[in-house]
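I opened the notebook to follow one sheet from strand to strand. Here is what I looked up, in the order I looked.

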Amino acid sequence: MRLSKFAMVVAFCLLTFQFHGQASPPAEGWIPIDFQQGKLLVKTSVAGIDGYSMIDSGATGSAINERFLARHSLTLKPSGFARVGGIVERKRRRLYRNIPVKILGVDTEFSKLVEISLAREDIQFVLGADFLGLAVFRFDYPRQRMRLLDRKSVNLRQLSNVKSRIDDACNDIIAKVRLNNEQNVWLKVDTGAHSGLLLERSVATRNNWLKSNPSQTVSVSGVNAASTMQQFRIPLVQIGDFEVLDVLTTVPAKGEKIELFRRERRTGSNLSRSRSIAKGLLGHDLLKHFILTIDYRIGKIHLQPGATE
């Protein structure tokens with residue numbers, strides 16, 4: 001994303017109050033957002049068409065939805081191609097440059113956008129790391145609102161109450177959680193994921209969770225393809241000092257291989273290595289209980305119990 005004009009407006013809108021872990025924020029400065037099917041949606045516009053776009057901390061860059069383009073018969077001139085990795089698989093996708101858009105009422109321009117395919121035609125863009133890196137973002141899940149915070153006032157290196165950091169393998173934010181008092185894992189913080197947890201199947205089978213908890217088979221769509229998964233509810237997840245009960249958890253169905261858990265083989269060697277230390281994703285069904293503050297640049301998050309009123 002070309003940041004100049006949008007960054008200036010962001011800087012103007014930033015609040016300068018001092019953040020404190022347990023303090024309730026003042027009412028001013030909040031931006032309403034829609035939560036639909038576990039997605040965080042904000043108002044955007046392209047080619048004079050108003051709509052919504054999804055804020056996705058799990059996306060390393062922003063993207064445009066090919067189904068939205070097709071629905072409105074919009075044609076963009078590609079400037080090349082890029083390999084795009086989704087949850088299910090990796091594909092060669094068209095790349096666009098210098099696309100004028102409006103985000104939160106501000107005219108700006110994407111210097112680079114890849115094309116992806118979302119299940120919903122009405123979502124225009126995925127706003128990823130380039131968008132989230134503009135400021136510290138706070139998402140109040142229970143009250144369906146967000147605000148932008150000044151890094152000079154909000155130092156999440158000091159205030160973070162969840163063990164979190166940047167994953168060196170892929171520059172994602174990962175957080176450490178304890179599952180059912182049985183296993184500690186690192187998970188990618190993903191505001192675009194509907195499930196509470198998306199785990200490697202081996203984590204669930206090792207702990208016998210698929211046998212000890214009722215499960216169902218579902219189809220899950222990524223930005224490139226769909227895959228068959230199993231879903232169950234894990235009784236307890238601990239994150240920081242918080243405990244969340246009955247969290248919706250998804251694992252690949254037996255025999256399903258998905259891009260998220262792909263292992264890379266070193267050239268000329270029989271050894272393979274994980275692309276990331278993360279064992280899955282941390283998403284909406286867990287985050288919906290909290291006010292999430294996230295500083296994408298340094299890989300730190302803060303959680304505060306949310307109130308619906």
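Which residue in β25 does T293 stand opposite? I looked it up in this predicted model, and the residue is H302.

**Entry: around T293.** I went from T293 to its strand, β24, which covers residues 290-295. β24 and β25 run antiparallel, and six bridges join them. Looking toward β12, I found that T293 is also the bridge partner of R138. β24 and β12 run antiparallel too, with four bridges between them.

**Entry: β12 itself.** I checked how covered this strand is: β12 spans residues 136-140, and five of its five residues are buried. Then I asked which way the side chains go. V136, R138 and D140 point one way, while F137 and F139 point the other way. That fits the rule I keep in mind: in a regular strand, side chains alternate between the two faces of the sheet.

**Entry: on to β13.** I found five bridges between β12 and β13 (residues 145-149), again in the antiparallel sense. F139 has M146 as its bridge partner in β13. The hairpin of these two strands has four residues between them, and Q144 takes a positive phi near 55° there.

**Entry: the whole sheet.** I put the strands in order and got β1-β13-β12-β24-β25, an open sheet of five strands with antiparallel pairing. My last look was at the edges, where β1 (31-32) and β25 (300-305) stand. Each has a single partner strand, so one side of each is left without a neighbour in the sheet.

Technical notes:
Residues numbered from 1 in each chain as written. Predicted model: local features only at pLDDT ≥ 70, side-chain atom pairs only at ≥ 80, totals over all residues. Heavy atoms only, no water. Buried < 20%, exposed > 50% of the residue type's maximum accessible area, 1.4 Å probe, protein only. Pairing = 2+ DSSP bridges.
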